[in-house]
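Work through the exercises below with the sequence and the coordinates open beside you, and try each task before reading its solution.

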Amino acid sequence: MHADIGNWFAESKKFGCAASSFALASKLAPTSAAYKYFWGLSLSSAGRPAEALAPLRTASALDPSDIRPHLTLGAALDGLKRTGEAEEEWRSALAIDADSDLALDNLSRDLVNQKDFRSVVRLLDNPSKTRQRSTMQSLNLGLAYAGLLQLDDAVRVLREGLNTDPASLPIADELAMILLLQSKAEEAFPVFELALAKHPEDLVTRLLYLRALTMSHSDKAPQLAQTLLATYPNQWEVLFLNAQLASTDGEFQKALSLCSRSVTLNPDNPQSQRLLGSTLSRFGRLREAKEHLQRSIALGNTEPEVHYELARVLLGLGDSDPAQDQMREFQRLKNAQSEKTQAAGKAEEADQATRQGDAQKAVELYQDALASDPNEPLLYYKLAKALEKINDVAGETSALKRAIDLNPELPEAQNQLGYLALREGNSAEAEQHFRAAVHASPSYVVAWINLAATLAAESRWKDAEDAVNRALEIDPENVQARKLKELIATASPQR
Amino acid sequence: MAFRFTPFEPWSRRRMLQSLSGVAASFALSSPDLAAQSSTKEAAPFSRFVEVAQSSCLTKVMFYGEGSTATYLTEIMGGGCAFLDYDNDGWMDIFIVGGRRLESIPLGASNRLYRNNRDGTFTDVTKEAGLLDAGWGVGVCVGDYNNDGFEDLFVTYFGQNKLYRNNGNGTFTEVTREAGLLSPKTRFGSGCTFVDFNRDGLLDLFVANYADVDIATLPKPSLDRPNCNFEGVPVNCGPSGLPLPTHALYRNNGNGTFTDVSKESGVAAMRGSYGLTACAFDADDDGWPDIFVACDSTPSLLLMNNHDGTFREEALLRGVAVSDNGREMAGMGVGIGDYDCDGRLDIVRTHYMNQATGLYHNIGKGEFEDVTAQAGLIRERRFVSWGTCLLDLDNDGFPDIFVVTGQVYPELEAVLPKYPRRGPRLLFRNLGNGSFSQVDDASQPALSERHVSRGCAFGDFDNDGDLDIVIMNQNEPPSLLRNDAPQQNHWIKIRLYGVKSNRSALGSRVTVRCGSKVQVQELMSQSSYVSSNDPRLHFGLGSAANVDIEVRWPLGLVENYKNVAVNQLVSLREGTGQLKEESLTGIRSVRQPPATP
């Protein structure tokens, strides 16, 4: 009776009332997983996710084969920003149905948000599975590959996603942006154009397209800019981009007018503030220019050039000491950029040497790269890998330690340090590193297995079992994890 | 579920978009009266250029890389060229720097010396002169380093730079080793300039280097490396990310040898730039030569002379290191001249495509302002630009800008036709009001013809009173553009002979006045793109009938010559106060009427 009323309320979208009815139904039938689930679902739908957790968890315990409580719990926990717990629910759902789109969509999104890109790849790019990815999964997988700097893979996945869902603007936008990052503007433009053919009024995509055209110095940019300006005469970004184009062509009066309007509409954009300051300086309006350039910096403009422009304005105003300060800052930032570029060049050579199997040469080149860019943790990690190949354990350890000093969230470095510690018989330190690795990358199967092995070696069977179970949750087919689980089961005295 | 989220910072749309903005260059508005003056100028006849390389027998192909592909950037950077009078006969000869193929040296590959036959033709005398050499030649600078009265050559290479001493008998001897200029390791020499930096009367030598690379370790075109592809097409890598070089300064010991003083002069410490064309001139009017180096993708350098054998680098402070909005430019070629006739030397610098050729106005004491937009140069950004000048081509009294172009990524054209391998010649006519108008090349095939050009040099090969142009084209014979300047415009050429100063008189500053108008030039060993111009300073004078000339010699002596007649060559010898006048008859050639706009 109460359940029927609950259903009626739910269908009428009166979820609060539905929740009350299902609560009563549950009280009368405390072992009914369904009533508990509908109670939790109603609470969640009523915008009361925190209250929904208990009935949903009970529902799940009452019927472990039902995927629905896990899915609703996952959503509720995500809504409460309890992402770690949500992830467990998504994984539990996937243990019931490995192809659940809802679980895969949400879990991959959570992992992308945590920058755990490898886990996303592991989750979604499984060659043994031929199922079609949802739009969200394609997007998340593309973003994960981009985050791993595997841009070709990102493009492949996003193109597949776009073929499946040609109307998806997010995929089109991200695909186009990654193509631009690959300096493939000529391939990016048709992606924008196809997307806009389906969504001609979408301002975000039109603005992205205009940005891309402007960046690529395309002849098409002025026309699109004018069209957008006619349609959106009071949209700050449209005004800004038009101002930028006018400035590029030396039409500074026009640029000034457009940029002033843009800044009036949105005073918080550092780039339009900079352009306005820069343009004002051309008209000798140095005091105003100074204000806008300073505002741009205060708003977080990190471009070195803004300091150069400010220095020139300050010099024009006769403020030579502050001008010198700005010029020094410009040079400092430029030098830092230059050092990074030099380091990247050396690192590329080192990668090449690594691929060619010349580890000694790679070590030298990574060290050169680090001389230019001594605070790049990934370079230390790569150096460590090269040192490992020439059996320089002390050097490898030192490089790994430096890597994690700079970025404790570098899971591979933590894992490798754990491995080295374990090899030295230092289980406590090993455990610490493996835990840091799985904390940084919760789906890092190898680190979970290593952690389990370390714990098992210390006869901490329950913890070891938990760890290996976690590895198998992520990768149920993992042979090493299965073997380890068997070993633990055999060795554990309780069993 | 929100699809359009910004998933993570490094790839977030907003963050990326922040990096996309490109703000343009400088500004100014022309006042109505100046605009009127410009329209008058545009209506006046202008020079007509005629390609005469073939009829002049400049026919040898200048091999440089493969042409249709380039694996390494060493295959794309050369070469320069020079007008010089190596045999002192009063007629400009031509030297062209060439290269080779990556895997082989084709038959006929060499630098080339062409002797002027004084009849509009040239003879290839490379072999007789002892200048046959095929390597990765890049640039050339000219100067009489041993003060024997004959111009010597210094040629930069990816490899070992070479000094060729002019023996005075039509031949040269390579004296790199004897002169102490051998480098212990492979260097990528690019710009060079003879310059008497310590004012001891001997020409010293500054050499810019492009990058510290070795073909053995240079990466190849690749889609996996950001600096090895362009818009999805694998291309030769760099320069970004390649090791930055140091530049070199060699002091002339006065006995035919040089001493490397890069460290003690401070030059070796000026790292951080991929150096190309080097121009020595007195930027701050203090009487001592400074050195400007156009640098690719990095801040250009302005080495200010401290008068004590050392230099300080001040390009950034003085406004010529980067664009006016702080962006690093791909500086290739340099022209030095006084475009607005204010008596101060300005700088024009050519750049990569999508970057307008930059004009830097000297506002006094060696301070410069970027006036690219004000001058009307900002809209032409289509081509990779190389050799250039700030010289008066139509003799109207206002220096013009000429630019040669050519792609650095030969593979692009097949995939992306909007990036053609060959480019045209660009000509910007000085309107006399601080701005320039681009000359329509439609009626001038010599300008619209497309080539993969690099260096060009300006000189009067036919001695007819205007500046002709020789152009190094990769994998083709050079171009020789005969200038048929409007006959009604007057001119004067000034040849300087140093006595106490270096014999070439490099570093001399000549000021020409007629009425209230003033023009200034300085004699340089290198400009354009790693090239060297006719050492006779050429001034267009419009309708002026006579001029006053002031010469400030390299060692500081100032001499004045009043009421000098126009349309002639005058030769001045330092310290004599005497002037030798010589009318140039030119050669008989069929001349076209001047082009009308």
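A residue is called exposed if 12 or fewer other C-beta atoms lie within 10 Å of its own, buried if 20 or more do, and partly exposed in between. The model used here is predicted.

**Exercise 1.** Locate Leu149(A), and decide whether Leu149(A) is buried or exposed.

Solution. Begin with the chain: Leu149(A) sits in the loop that runs between helix 9 (135–147) and helix 10 (151–164) of chain A. Next, count the neighbours: because 12 other C-beta atoms lie within 10 Å, Leu149(A) is exposed. Finally, consider the backbone, where phi of Leu149(A) is near 65 degrees, a positive value in a residue other than glycine. Most residues other than glycine have a negative phi.

**Exercise 2.** Carry out the analysis for Cys57(B), starting from its phi.

Solution. Phi of Cys57(B) is near 70 degrees, which is positive although the residue is not glycine. Its place is in the loop between strand 1 and strand 2 of chain B. With 17 other C-beta atoms within 10 Å, Cys57(B) is therefore partly exposed.

**Exercise 3.** Establish where the peptide bond from Gly78(B) to Gly79(B) and the one joining Gly238(B) and Pro239(B) fall, and state the geometry of each.

Solution. The bond from Gly78(B) to Gly79(B) is cis, with omega near 0 degrees, and Gly79(B) belongs to the loop between strand 1 (48–51) and strand 2 (81–84) of chain B. The bond joining Gly238(B) and Pro239(B) is cis, with omega about 0 degrees, and Pro239(B) lies in the loop between strand 13 (233–234) and strand 14 (248–252) of chain B.

Notes
Residues are numbered from 1 along each chain as its sequence is written. Chains are lettered from A and ligands numbered from 1 in the order in which they are written. This is a predicted model: local features need pLDDT of at least 70, side-chain atom pairs count only at pLDDT 80 or more; totals for chains, interfaces and linings use all residues. Helices (H or I, at least four residues) and strands (E, at least two) are DSSP runs, numbered from the N terminus.
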